[in-house]
Amino acid sequence: MDLNCFKLCSGLKFLGYFMLLLVAGIISVSYYVVVILTWSPRLSHGGFTSFLSIVIILLFHLLLVMLTWSYIMVVFNDPGSVPENWKPPSQENLEAGPDTSASTSLDVPENGQALRYCHYCRNGKPPRCHHCSVCQRCVLKMDHHCVWVVNCVGARNYKFFLLFLLYTFLETTLDTIVLLPSFMKFFKEATGHSNSASDLALTFLTFVLNVAFALSLLCFIVMHASLISTNTTSVEVYEKKGVVRWKYDMGRKKNFEQVFGARKALWLFPLFSKEDLENIPALHGLSFPTCSDDES
């Protein structure tokens with residue numbers, strides 16, 4: 001009996017919906033243990049303890065709002081789809097007539113042999129575009145399909161995904177730090193029966209989960225920071241092997257702006273300014289500036 005890999009990949013969608021519930025469950029348990037069980041009762045202690053409790057609770061809620069906002073944006077935003085009957089700008093210019101205005105060097109094929117075509121979507125493939133077997137469509141500047149967000153990560157939601165990683169890492173790190181004293185007293189509290197068994201178990205479980213997620217997310221953040229610095233996606237890591245200089249590597253600053261935009265005030269928010277969307281073609285995922293032949 002032959003195994004249909006595409007049906008297997010499509011089944012990952014259902015796993016993704018389970019992941020949504022898992023994320024909501026972990027956030028809910030962490031909220032109960034950190035805010036309600038551990039630090040809210042200390043608000044009435046007075047002095048530095050009350051002040052520290054206020055700071056921790058406010059910081060917890062701020063990070064929770066930011067990670068939830070980023071999560072919603074990466075889940076519900078299209079990573080970028082190829083327009084129907086897409087053609088490279090060079091062919092469109094030929095049909096419309098010559099263009100004498102100055103333009104940035106784009107990764108546009110100069111001959112018909114370089115054009116890419118997706119046999120599944122029956123459409124042209126822009127540069128850096130790849131077909132996702134889970135979503136069953138081509139995704140612009142595809143990085144990977146993430147079951148945690150039930151969506152592909154591509155040109156138009158990559159920033160949101162990275163911010164979700166960042167704020168989740170900060171939230172889980174905060175939880176780990178503020179629960180560390182309770183974790184260290186776990187066996188003492190269990191012996192003295194000063195808390196209910198369920199509260200002790202939840203505190204222990206929440207600490208372990210947050211430690212595991214914080215360490216895992218740190219690895220992902222370091223990996224994606226390295227990818228951004230060279231303007232590379234997870235898929236393109238294999239494509240650039242043996243290349244002296246990656247043709248999309250325009251320098252760290254420009255590489256960063258192609259993901260987060262040029263407006264610094266919005267770097268930490270899952271938003272893009274209108275100016276960035278108008279002036280940075282890479283944010284749309286259809287064309288990208290490249291190095292000259294001498295540089296690459």
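This is a chat about a predicted model of one protein chain.

Q: How many helices and strands are in the chain?
A: The chain has ten helices and six strands.

Q: And what share of the residues is buried?
A: Of the 296 residues in the chain, 39% are buried.

Q: How much area does the chain expose, and what supplies it?
A: About 17000 Å² is exposed, and carbon and sulfur atoms supply 65% of that area.

Q: What about contacts between residues at least 6 apart in sequence: what share joins residues at least 24 apart?
A: That share is 65%.

Q: Let's go to salt bridges. How many does a search of the whole structure find?
A: The search finds two. In one of them, Arg 128 and Glu 236 meet through their side chains, at 2.7 Å from N to O.

Q: Where do Arg 128 and Glu 236 lie?
A: Arg 128 is in the loop between β2 (123-125) and β3 (130-132), while Glu 236 belongs to helix α8, so the salt bridge ties together parts that are 108 residues apart in sequence.

Q: Are Arg 128 and Glu 236 buried or exposed?
A: Both Arg 128 and Glu 236 are buried.

Q: Which residue does Arg 137 form a salt bridge with?
A: Arg 137 pairs with Asp 78, and their closest N and O atoms are 3.1 Å apart. This pair also links distant parts of the chain: Arg 137 is in strand β4 (residues 137-139), and Asp 78 is in the loop between α3 and α4 (89-96), 59 residues away.

Q: How do Arg 137 and Asp 78 count for burial?
A: Arg 137 counts as partly exposed because its relative accessibility is 23%, and buried means under 20%. Asp 78 is partly exposed too, with a relative accessible area of 38%.

Q: Back to Glu 236. What does Asn 231 touch, leaving out residues up to four places away in sequence?
A: Asn 231 touches Arg 128, Lys 141, Glu 236, Trp 246, Tyr 248, Asp 249, Asn 255 and Gln 258. That list includes Arg 128 and Glu 236, whose side chains meet in a salt bridge.

Q: Where is Asn 231 itself?
A: Asn 231 is in the loop between α7 (197-229) and α8 (236-239). Asn 231 is buried, with a relative accessible area of 2%.

Q: Trp 246 and Tyr 248 were on that list. How many aromatic pairs does a search of the whole structure find?
A: The search finds nine aromatic pairs. Trp 246 and Tyr 248 form an edge-to-face pair, with 5.4 Å from centre to centre and 65° between the planes. Trp 246 is buried at 9% relative accessibility, and Tyr 248 is buried with a relative accessible area of 3%.

Q: Which residues do ring pairs link into a cluster?
A: The cluster is made of Trp 246, Tyr 248 and Phe 288.

Q: What about Phe 256 and Trp 267? How are they arranged?
A: Phe 256 and Trp 267 form an edge-to-face pair as well, at 4.8 Å centre to centre with 75° between the planes. Phe 256 is in helix α9 (residues 252-260) and Trp 267 is in the loop between α9 and α10 (274-279), eleven residues apart. Phe 256 is partly exposed at 26%, and Trp 267 is partly exposed at 24%.

Q: Which residues of α9 are buried?
A: Asn 255, Glu 257, Gln 258, Val 259 and Phe 260 are buried in α9. Gly 261 follows α9 and has a positive phi, near 90°.

Q: Which charges sit over rings?
A: The charged end of Arg 42 sits over the ring of Trp 39, 4.3 Å from its centre. Lys 159 lies over the face of Phe 272, at 4.8 Å from the ring centre.

Q: New topic: the surface. Which residues make the nonpolar patch of about 390 Å²?
A: Phe 48, Phe 51, Leu 52 and Val 55 make the patch. Val 55 lies in helix α3 (residues 47-76) and is partly exposed, at 38% relative accessibility.

Q: Last one: where is Ile 27, and what does it touch outside the four nearest places in sequence?
A: Ile 27 is in helix α2 (residues 12-39). Not counting residues up to four places away in sequence, Ile 27 touches Leu 64 and Leu 67. Ile 27 is partly exposed, with a relative accessible area of 27%.

Note on methods. Residues are numbered from 1 along each chain as its sequence is written. This is a predicted model: local features need pLDDT of at least 70, side-chain atom pairs count only at pLDDT 80 or more; totals for chains, interfaces and linings use all residues. Side-chain values use heavy atoms; hydrogens and water are left out. Rings of Phe, Tyr and Trp (its six-membered ring) pair if their centres lie within 6.5 Å; planes under 30 degrees apart count as stacked, over 60 as edge-to-face and the rest as tilted. Buried means under 20% relative accessible area, exposed over 50%, partly exposed in between (1.4 Å probe, protein chains only). Helices (H or I, at least four residues) and strands (E, at least two) are DSSP runs, numbered from the N terminus. A charge sits over a ring if NZ of Lys or CZ of Arg is within 6 Å of the ring centre and within 35 degrees of the ring normal. Contact means heavy atoms within 4.5 Å. Accessible areas come from the Shrake-Rupley method with a 1.4 Å probe; for residues, only the protein chains shown count as cover. Patches are made of residues with over 30% relative accessible area and no salt bridge: like charges are joined within 9 Å, nonpolar side chains (Val, Leu, Ile, Met, Phe, Trp, Tyr) within 5 Å. A salt bridge is a side-chain nitrogen of Lys or Arg within 4 Å of a carboxyl oxygen of Asp or Glu.
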